[in-house]
2 protein chains.
Amino acid sequence: MKLNIEVTATDGSARAGVVRTGRGELRTPLFMPVGTRGTVRSISTDELSRLAAPAGTGVEVMLANTYHLMLRPGARTVAELGGLHRFTGWDGHHLTDSGGYQVFSLSPKVTEEGVRFRSTYDGDRHLLTPESAVELQELLGADIQMVLDVCSPLPSPTTALRAAVDRTARWAERARVAHRRGADQALFGIVQGGDDRDLRRESARRTVALDFDGYAVGGLSVGEPREVMLPALAAAIEELPDDQPRYLMGVGDPVSIIEAVALGVDMFDCVLPTRLARHGTILTDAGRLSIKRTEFATSDEPLDPTCPCSTCRRCSRGYLRHLATVREPVAANLFTVHNLTWILGFVEQVRAAIGAGTLSELRASTAAAWAG
Amino acid sequence: MKLNIEVTATDGSARAGVVRTGRGELRTPLFMPVGTRGTVRSISTDELSRLAAPAGTGVEVMLANTYHLMLRPGARTVAELGGLHRFTGWDGHHLTDSGGYQVFSLSPKVTEEGVRFRSTYDGDRHLLTPESAVELQELLGADIQMVLDVCSPLPSPTTALRAAVDRTARWAERARVAHRRGADQALFGIVQGGDDRDLRRESARRTVALDFDGYAVGGLSVGEPREVMLPALAAAIEELPDDQPRYLMGVGDPVSIIEAVALGVDMFDCVLPTRLARHGTILTDAGRLSIKRTEFATSDEPLDPTCPCSTCRRCSRGYLRHLATVREPVAANLFTVHNLTWILGFVEQVRAAIGAGTLSELRASTAAAWAG
């Protein structure tokens, strides 16, 4: 199921558009919340479906992690329960990663065959291969699945980055062959190459040569500064086709989102808004805000007076600080509702700025608000 | 603000009715969820306001605990933030307890003046008196507040029960005198007397003699069997006026609710539905169900096919079991939504049965479903 993007507006290399799938339309640029184990942490699918930013933008895609779902409850169980959409009750789009990102963080044994690792749940041994990652994701049944790739830490020596690019290319080819569920499931290739611009270009060319349904850039935002990330990203994008969606994996801070959009990225995912929410850190137009600050104890103001979310409509900062201080579990839910609404609204602003040709102004004000 | 009950239907001693307050109407019998620290655990005020049982019954009263709020964030802070309604964002009714129930569980020093205790938050010393309990609750600003009473454990020797009844009566008189915010806040007296029917009758008579805005029965459901509780409750009710609401404190299991309704009780509160939810125990028409049972792993059925709640409309037992097993925080939220919807529906059924004159049939089927 090859995905095409219909570009509706451009501003420099940035583009706003629509991607049509068998399930519906995705408006880009697009932010996808992470539903690690089949739910976005601290918010029910029902409430997730009701989120709406100021101009009405809601969540369009929920990401889920193959690593976690293959172990609990198991991909076959999800399939028996009707696949991810029926399982989670989410009737928007689903995207699954390959499981590789989590597995590589477990210091696994990597061979040409695949990745051997032990489950963080019970210590059992597992093997993830390019083919089994496809098979698992076909069982899960998301609208978009990702190939298994080799993600290098940064910095890494060039020889290691090259080896990762080569293996990623060979694995991508195996995934392409293994993919059977093409009728209703898109398969995205992933560009690697670390911070090496030549390797990024090469990896992009080799991935595109395999003719995927869409393209992702992986292995960035793994600790390197933004000044290192953006040139590597730009090099990859040079080689990606204009008429297909481009997805920058794991990036969710506002400055990186808008800078990547300026380079031509369409899709993003990140745990940032939900993880910050659990720690009482609030996203606002003026930057981050820690709700636990003493000055908020008697503040009757909402988190953000212009925010349409249910938390801002109903709760004062004083009340929210109280809930966070006494560790009421609902605090994480209230902050998650706000942070996701905020980032939906931010991406909505980015999309509007592309349409209005004012992206550079929004880049400047975003950089100023989020400095330091 | 004396509250009267307009009885709209009776079945034996059971009654269905309407209580009108300055804020609106309460339909009885009535179940009040407990919002200990100003929020019902694991559910936002926004979501609480959207709960609705099959015939549309929603939550009408949120209870909050003075003990917790006086310590965090402090009653004065709640007042500065506009009082409980503005603080919690809950625009239905609020009821506050006196703080005594929690304080008595801390083995405090009790004198005629009041109760000295140490805060469970920071060990600081506090004194709660009949007057300060009123004052704190006036600062909190609930629609209904409760007097400070002496709650005896069961079993207790008759001399101890009598001493508690006597002190409760003297404290009730002091609370009655201290109460200033009569225009928009009802003050309920509390009947004590343990399992001694004579003392229950005496305590009820002495409480009624003080002319409260409504009446509660306290000190029951503290570990004694239902066969001990109900006769003591019946004795108290004999002496309570017919035209004012009767509130049985801390009782929330379905069999006790319906048996107490049969004796003439109008109002209930309990942490049971929300506490069970946190442990994955589900309330259904067929009794309790533990979601963690292996047999539910691949069940595509909802918790309850006739339940209108968002959890039952969207989630299978298999999905819910998965979330509970991997300890996703949202599981508590999903089960809380269902359990509260279930108990609202149960009370709705009780109300309908009183109207239809079929309460005895519902008592029998409830007892059968919840046996053992």
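What follows is a chat between a trainee and a mentor about a predicted model with chains A and B.

Trainee: What makes the two copies related as by a two-fold rotation axis?

Mentor: Chain B can be laid on chain A by a turn of 180° with a shift of 0.0 Å along the axis, and the RMSD is 0.0 Å. The copies are thus related as by a two-fold rotation axis. In chain B, the residue that comes closest to that axis is Pro329(B), with its C-alpha at 3.9 Å.

Trainee: How do you know that the same surface serves both copies?

Mentor: Look at the contact residues of chain B: 100% of them recur in chain A. Each side is also counted: 38 residues come from chain B and 38 residues from chain A.

Trainee: Which elements give two or more residues to the side of chain B that touches chain A?

Mentor: Helices H1 (45-50), H3 (75-80), H4 (83-88), H12 (310-314), H13 (317-325) and H14 of chain B. H13(B) gives the most, with 5 residues. As for chemistry, that side of chain B divides into 16 polar, 13 nonpolar and 9 charged residues.

Trainee: Over to the sheet in chain B. Why are E1 and E3 of chain B said to stand at the edges?

Mentor: The order is E1-E2-E3 in an open sheet of 3 strands, paired antiparallel. Strand E1 (5-11) and strand E3 (25-28) of chain B each have a single partner strand, so one side of each is left without a neighbour in the sheet. On average, neighbouring strands here are turned by 10° against each other, direction ignored.

Trainee: How do you know that E1(B) and E2(B) count as a pair?

Mentor: The cut-off is at least two bridges, and 6 bridges join E1(B) to strand E2 (residues 14-20) of chain B, so they pair. The two run antiparallel. For one partnership, take Glu6(B), whose bridge partner in E2(B) is Val18(B).

Trainee: What lies across that sheet?

Mentor: Helix H14 (residues 330-356) of chain B lies across E1, E2 and E3 of chain B, and runs at about 115° to E2(B). H14 of chain B is also among the elements on the side that touches chain A.

Trainee: And in chain A, what makes E2 and E3 partners?

Mentor: Use that cut-off of at least two bridges again. Strand E2 (residues 14-20) of chain A is joined to E3(A) by 4 bridges, so they qualify, and they run antiparallel. Within this pair, Gly17(A) stands opposite Thr28(A) in E3(A).

Trainee: Why is Leu230(B) called partly exposed?

Mentor: Buried needs 20 or more other C-beta atoms within 10 Å, and exposed means 12 or fewer. Leu230(B) has 16, so it falls in between and is partly exposed. Leu230(B) sits in helix H9 (residues 226-238) of chain B. Leaving aside neighbours within four places in sequence, Leu230(B) is in contact with Glu259(B) and Leu263(B). Glu259(B) is 29 residues from Leu230(B) in sequence, yet their C-alpha atoms are 7.7 Å apart.

Trainee: How do you know that the radius of gyration of chain A agrees with a compact globule?

Mentor: A compact globule of 372 residues would have a value near 21 Å, and chain A has 20 Å, which agrees. The C-alpha atoms of chain A fill a box of roughly 60 × 45 × 40 Å along the principal axes. Buried residues make up 56% of chain A. The chain comes to 15 helices and 16 strands.

Notes: Residues numbered from 1 in each chain as written. Chains lettered and ligands numbered in written order. Predicted model: local features only at pLDDT ≥ 70, side-chain atom pairs only at ≥ 80, totals over all residues. Least-squares fit on C-alpha atoms with pLDDT ≥ 70 in both. Contact = placed C-beta atoms within 7 Å. Axes fitted to C-alpha atoms, helices over the stretch in contact; angles between N-to-C directions. Rg over C-alpha atoms; globule rule 2.2 N^0.38 Å. Nonpolar A, V, L, I, M, F, W, Y, C, P; charged D, E, K, R; others polar.
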